[in-house]
Each structure stands twice: as C-alpha cells, then as structure tokens.
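These are my notebook entries on a structure that I looked up for a reader new to it. I go from single places in the chain to the chain as a whole, and back again.

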Amino acid sequence: MYSDVWKQLKEEKRVRMELEKELELQIGMKTEMEIAMKLLEKDTHEKQDTLVALRQQLEEVKAINLQMFHKAQNAESCLQQKNETIISYEGKTSQVMSAMKEMEERLHYSEKARQSAEERNNKLKQEFGGKVETLQQQLSQLDKQCSSLERELKSEKEQRQALQKELQQEKNTASLLKTELHQVDGLKKELQKLYEKKEELQKICEEQEQALQEMGLHLSQSKLKMEDIKEVNKALKGHTWLKDDEATYCKQCEKEFSISRRKHHCRNCGHIFCNTCSSNELALPSYPRPVRVCDACHTLLLQRYSSNSS
C-alpha cells in the first residue's frame, strides 16, 4: 500500500508539473494577446488623430477658398474703376485736340489779315503818293494792329504750348493707364492661377475625403480583427500544447516518429503531427504570417472563413 501510495503521489506530482507548465504557456499566450490588443488600440488612436488633422486641413482649405473669392471680387471692382478712368481721359484728350484745331484756325486767319493789310499798304503807296502823311498814320495804326495781332499770336502760341503740355500730360496719363491695364491683365492671370489653385485644392479635398473613407474602412477592419483575436483567445484557452516527449506517433496517421519522420506542432490545436499530415499553412489571428496547421484544422478553418465571408 505504501508503494502504491508513493506511485500515485509521483503521478500526481508529474500531472501537477504538466499542468503548471500548461498554465505558464497559457499565461504567455495571454500576455501576447494583451500586447496585440494594446498595439491595435494605439493604432486606432493614431488613426483618429490623423482624422482630426485632416478635418483641420479641410477647414483651412475652405478659408483659403473664401479669401480667393474676396480677392477676385476686389480685382473685378478695380478693373471697372480703371476702365471708367480711361474713358474719361479719352474724352479729355478729344476736347484738347478740338481746342488746338480752333487755335490753329485763328492763327491762320490772323496771318491772312496781316498779309491783306500789307498788300493794301503797298497799293496805297502806289496809288496815293501825295497822301503820305495819312498813309503813315494809317501805317502806324496798322503797325499797332500788327503789334496787337503779334501779341495775340504770342498769347495764342503760349496757349498752344500750354495745350501741348496738357496733351503731353494726357499722353503720360494714358501711358500710365496702359501700364495699369497691363497690371490688370497680370491680375487676371493671377486670378486664373488662383482659380486653378482652387480647383487643385478641391481635388485635394476630394482625395482627403476618400482617404477618410478608407480610414473608416480600415478602422472597421481593425475592429473585426480585434473580434477575431478575442474569439481565437477564447478558443485557445480550451486547447493544450503537447510536448515533444509526450507524443511518439502521429495523431492522424498513427505512424511512429523517427529520424526521417519528424514531429511538427499544429499552431491551432497544439497537437503533434508528421510532415505529411501538417503540410498546410494558414494565417491565424495570433500570428502575423501563415503558420503550419494540421489537415483537420485546415478544413475546419477554411469552412469558418468561408462562412464568415458569406
């Protein structure tokens, strides 16, 4: 009885040691799952921050569009004012040209009157030799008239010079207005560039909205992955990870292991199989890459994935 009790105690100790090792494995897997959960939560927080930044960029783009619209309205009002000033300056130049023509006609008329007076003086000298004194008086009067006409001519010349100066000033103003028109054309080109920038910004806004939609899809996919990981964690709690020493033959084909037929663990159920019975690979939620699984788990997981996708 003592030997039997001692054997039972040894077996219970061995079972207890195996259970403790399995418990340690389960704790390690649980810590890995918690780390994966924390990484996924950190990723979701980062994506939410990027969403906030993209929304701020959208608001800034809207403010820029409003500023561009106000600038375009101001440029159009400036164009209208400058066109009105050009029209007024053209009217003034036409008035100045008409005044100059009138002055030239008056000057031509005074020169004709002077020539006619000189001709009359010559005729009087020829016809009336005896009436020299009267003619001299008339000549003095004519000289006075000529001096007055010359004064008028001088005044008209001065007026003409003043008009020419005014005309030059009008030409200068016209040239300034032309330069302003060129500037207005440049403003129109800038306005066109601003419209093109506006279209580009609208395209950027549309791309950012698409990016936001994609981010929402990624968030939903990450949530689904979280749920899958939770399910796998629940499923893994029921599985046991066998040791290499505990298995001497394949669980599926029941062939003994040897140097040529090596042992392989199934990453889903934890049992040991040979290479032919565990040659399949699948992506599990707890592993980032495809890992080895047995034939039974392969068919079961495929059925589960097909049901989830449908």
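Between which two elements does the loop that holds Glu254 lie? I located Glu254 in the loop between α2 and β1, with β1 covering 264–265. I note at the outset that I am reading a predicted model.

**Entry on Glu254.** I looked up the backbone angle and found a positive phi of about 60° at Glu254, although this residue is not a glycine. I recorded the general background beside it: most residues other than glycine have a negative phi. I then checked the accessibility of Glu254. The relative accessible area is 58%, so Glu254 is exposed, the cut-off for that class being over 50%.

**Entry on the elements.** I listed the secondary structure next and found 3 helices and 4 strands in the protein chain. Read along the sequence, I have two helices, then four strands, then a helix, that is α-α-β-β-β-β-α. I noted that helix α1 takes in residues 2–127 and helix α2 residues 132–238.

**Entry on the domains.** I found the protein chain divided into domain 1, at 142–202, and domain 2, at 247–309. I looked up the separation of their C-alpha centres, and it is 95 Å.

**Entry on overall dimensions.** I compared the radius of gyration with that of a compact globule. For 310 residues such a globule would have a value near 19 Å, whereas the protein chain has 55 Å. I also took the span of the C-alpha trace along its principal axes, which is about 190 × 35 × 35 Å.

**Entry on surface and charge.** I recorded an exposed area of about 24,300 Å² for the protein chain, with carbon and sulfur atoms supplying 52% of it. Of the 310 residues, I found that 21% count as buried. I then looked up the charges: there are 52 positive and 53 negative ones, and their mean positions are 2 Å apart.

**Entry on contacts.** I asked what share of the contacts with a separation of 6 or more comes from residues 24 or more positions apart. The share is 57% in the protein chain. I then looked at single residues in the two helices named above.

**Entry on Leu167.** I placed Leu167 in helix α2. Is Leu167 buried or exposed? I read 17% relative accessibility, so Leu167 counts as buried, since the cut-off is under 20%. Not counting residues up to four places away in sequence, I found Leu167 touching Val96, Met97 and Met100. I also looked up Thr93, which is 74 residues from Leu167 along the chain; their C-alpha atoms are separated by 6.8 Å.

**Entry on Asn65.** I placed Asn65 in helix α1. I read 16% relative accessibility, and Asn65 therefore counts as buried. Leaving aside neighbours within four places in sequence, I found Asn65 in contact with Lys198 and Leu201.

**Entry on Ala113.** I placed Ala113 in helix α1. I read 32% relative accessibility, so Ala113 counts as partly exposed. I looked up Leu149, which is 36 residues from Ala113 along the chain, and the two C-alpha atoms are separated by 9.4 Å.

**Entry on Ser147.** I placed Ser147 in helix α2. Its relative accessibility is 27%, so I entered Ser147 as partly exposed. What distance separates the C-alpha atoms of Ser147 and Gln48, 99 residues apart along the chain? I found 98 Å between them.

Note on methods. Residues are numbered from 1 along each chain as its sequence is written. This is a predicted model: local features need pLDDT of at least 70, side-chain atom pairs count only at pLDDT 80 or more; totals for chains, interfaces and linings use all residues. Side-chain values use heavy atoms; hydrogens and water are left out. Domain bounds come from an automatic or database domain assignment. The radius of gyration is taken over C-alpha atoms; the globule rule is 2.2 Å times the number of residues to the power 0.38. Buried means under 20% relative accessible area, exposed over 50%, partly exposed in between (1.4 Å probe, protein chains only). Contact means heavy atoms within 4.5 Å. Accessible areas come from the Shrake-Rupley method with a 1.4 Å probe; for residues, only the protein chains shown count as cover. Lys and Arg count as positive and Asp and Glu as negative; His and the chain ends are not counted. The place of a charge is taken as NZ of Lys, CZ of Arg, CG of Asp or CD of Glu.
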